[in-house]
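Trainee: I am new to this structure and would love some help finding my way around. Could you take a close look at one part of it with me, namely the salt bridges, and show me how they fit with the rest?

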Amino acid sequence: MSHGARAALDAGLQAREQGALREALEHFRSATRLAPDSAPAQLALGEAAEVLGEFDEALVAYLDAQFGRDARQGPTPFSVR
């Protein structure tokens with residue numbers, strides 16, 4: 001993980017601890033833009049998004065944390081391909 005992504009993730013974790021969830025979400029979004037394959041950043045994004053009711057974003061982040069962003073480019077388990 002790059003220094004910028006790590007700094008954004010750390011800032012998000014600190015904001016979350018202080019109860020500033022919207023701010024934390026923005027930091028986690030930055031972290032995942034800078035390090036899209038970072039499972040810790042994707043997981044933190046998913047958790048914050050879920051708490052804030054951003055369920056579509058949470059689901060995508062959880063899937064990216066589990067399977068990586070490249071997995072979304074190919075067939076899904078329910079694909080007919």
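Mentor: Here is a walk through the salt bridges, with their surroundings before and after.

Please keep in mind that this is a predicted model. The protein chain has four helices and zero strands, so its elements, read from the N terminus on, run α-α-α-α. Of the 81 residues in the chain, 28% are buried. The accessible surface comes to about 5200 Å², and carbon and sulfur atoms account for 55% of that.

Now to the part you asked about. Side chains of opposite charge can pair when their charged atoms come close. In this model the count comes to five salt bridges, and three of them make a good tour.

Let us begin with arginine 16 and glutamate 47, whose side chains meet in a salt bridge at 3.1 Å, N to O. Arginine 16 belongs to helix 1 and glutamate 47 to helix 3, so this pair ties together parts that are 31 residues apart in sequence. Where do the two partners stand between buried and exposed? Arginine 16 has 31% relative accessibility and therefore counts as partly exposed. Glutamate 47 is partly exposed as well, with a relative accessible area of 32%.

Next, look at arginine 22 and glutamate 54, whose side chains form a salt bridge at 3.7 Å, N to O. This pair also links distant parts of the chain: arginine 22 sits in helix 2, while glutamate 54 is in the loop between helix 3 and helix 4, 32 residues apart. Arginine 22 is partly exposed, at 46% relative accessibility, and glutamate 54 is partly exposed too, at 30%.

The pair of arginine 29 and glutamate 26 stays within one element. Their side chains meet at 2.5 Å, N to O, and both residues lie in helix 2, three residues apart, about one turn of the helix. Glutamate 26 has 42% relative accessibility, so it counts as partly exposed. Salt bridges that share partners also bring in Glu57, joining Glu26, Arg29 and Glu57 into one network.

What lies in the nonpolar core? In soluble globular proteins, nonpolar side chains tend to be buried together. Here the largest nonpolar core has 14 residues, and those with the most contacts inside it are Leu9, Leu25, Phe28, Ala31 and Leu45. Helix 1, helix 2, helix 3 and helix 4 each supply at least two residues of this core, and the largest share, five residues, comes from helix 3. Try clicking on phenylalanine 28: leaving aside residues up to four places away in sequence, it touches Leu9, Gly12, Leu13, Ala44, Leu45 and Ala48.

Two more places are worth a visit. In the loop between helix 2 and helix 3 you will find serine 38, which is buried at 9% relative accessibility. Its side chain reaches the backbone nitrogen of alanine 41 at 3.2 Å. On the surface, Leu59, Leu63 and Phe67 make a nonpolar patch of about 310 Å². Leucine 63, from helix 4, is partly exposed, with a relative accessible area of 36%.

To come back to your request, the pair of arginine 16 and glutamate 47 is a good one to find again, as it connects helix 1 with helix 3.

Terms used. Residues numbered from 1 in each chain as written. Predicted model: local features only at pLDDT ≥ 70, side-chain atom pairs only at ≥ 80, totals over all residues. Heavy atoms only, no water. Buried < 20%, exposed > 50% of the residue type's maximum accessible area, 1.4 Å probe, protein only. Polar contact = N/O pair within 3.5 Å; in protein donor to acceptor, adjacent residues only side chain to side chain. Core = buried A, V, L, I, M, F, W, Y, C linked by side-chain atoms within 4.5 Å. Contact = heavy atoms within 4.5 Å. Salt bridge = Lys/Arg side-chain N within 4 Å of Asp/Glu carboxyl O. Patch = residues over 30% accessible without salt bridge, like charges linked within 9 Å, V, L, I, M, F, W, Y side chains within 5 Å. Areas by Shrake-Rupley, 256 points an atom, 1.4 Å probe, with all protein chains shown as cover.
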